[in-house]
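Reader: I'm in my first year and still learning to read these pictures. Could you pick one strand and walk me slowly through what surrounds it?

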Amino acid sequence: EQHSDDYGAGDPYTNVWIGGLPNDITELEIERVASKYGPIQKVTIKHSQCDTYVFVNYTQQSHAKEAIRGLDQTDPFAGGVIKVAPASKKSGTKEDQTDEYRSFGNAKSAGRENGG
């Protein structure tokens, strides 16, 4: 096995991001599909305004890689094609979150100091 990786030489990731999920997805369904690729430590479901996505934490990077290769652009939950990527700190997901927080902050501080 060669060491060079599609995602560059970063710290080994075991966390996988899965997006485009049906919004009534359960941790159990995620686990059933994701655990085919290896043991899972944790499943975290997140809801944003336009998407439902999860983070799946594998115990080993090789399993995380397998899951990405096996699940990306497939439809295992019958809710449409999902996107799967490493949930590394280098990926864009972090930036998206700060953008979201920024706009929330602006909306909150727009002349609503007196609570109501």
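Author: Let's take β1 and start with its partners: 4 bridges join it to strand β3, residues 52-58, and the two run antiparallel. Look at W17 on β1 and you'll find its bridge partner in β3, F55. Then there's I18, which stands opposite V54 in β3. Now turn to strand β4, residues 83-86: 4 bridges join β1 to β4, and this pair runs antiparallel too. W17 shows up again here, standing opposite A85 in β4. Keep in mind as you look that this is a predicted model.

So how well covered is β1? The strand spans residues 15-19, and 4 of its 5 residues are buried, so β1 is largely enclosed by the rest of the structure. Buried here means under 20% relative accessible area.

Zoom out a bit and you'll see an open sheet of 4 strands, in the order β2-β3-β1-β4, with antiparallel pairing. The edge strands are β2 (40-47) and β4, and each of them pairs on one side only. On average, neighbouring strands of this sheet are turned by 20° against each other, if you ignore direction. If you're wondering what holds such neighbours side by side, strands of a sheet pair through backbone hydrogen bonds, either parallel or antiparallel.

Next, the helices on the sheet. α2 packs on it, touching β1, β3 and β4, and its direction makes about 155° with that of β4. α1 lies across β2 and β3, running at about 130° to β2.

Now for the greasy part. The largest nonpolar core has 19 residues, and I18, our friend from opposite V54, is among those with the most contacts inside this core, along with L21 and I30. β1, α1 (27-34), β3 and α2 (61-71) each supply at least two of the core's residues. α2 gives the most, with 4 residues. Have a look at L21 while you're there: leaving aside residues up to four places away in sequence, L21 touches I30, D51, T52, Y53, V54, F77 and I82.

Back to β3 for two more details. By the rule for aromatic rings, the count comes to 1 aromatic pair. Y53 and F55 form it, edge-to-face, with 5.9 Å centre to centre and 90° between the planes. Both Y53 and F55 are buried.

The other detail is N57, which is found in strand β3 as well. Is N57 buried or exposed? Its relative accessible area is 18%, so N57 is buried. Not counting residues up to four places away in sequence, N57 touches T14, N15, I40, Q41 and K42.

Finally, put the strand back into the whole chain. There are 3 helices and 4 strands, and along the sequence they follow the pattern β-α-β-β-α-β-α. Of the contacts between residues at least 6 apart in sequence, 63% join residues at least 24 apart. Buried residues make up 28% of the 116 in the chain. As for the outside, the chain exposes about 8100 Å², and carbon and sulfur atoms supply 47% of that.

Terms used:
Residues numbered from 1 in each chain as written. Predicted model: local features only at pLDDT ≥ 70, side-chain atom pairs only at ≥ 80, totals over all residues. Heavy atoms only, no water. Buried < 20%, exposed > 50% of the residue type's maximum accessible area, 1.4 Å probe, protein only. Contact = heavy atoms within 4.5 Å. Areas by Shrake-Rupley, 256 points an atom, 1.4 Å probe, with all protein chains shown as cover. Phe/Tyr/Trp six-rings, centres within 6.5 Å; stacked < 30°, edge-to-face > 60°. Pairing = 2+ DSSP bridges. Core = buried A, V, L, I, M, F, W, Y, C linked by side-chain atoms within 4.5 Å. Axes fitted to C-alpha atoms, helices over the stretch in contact; angles between N-to-C directions.
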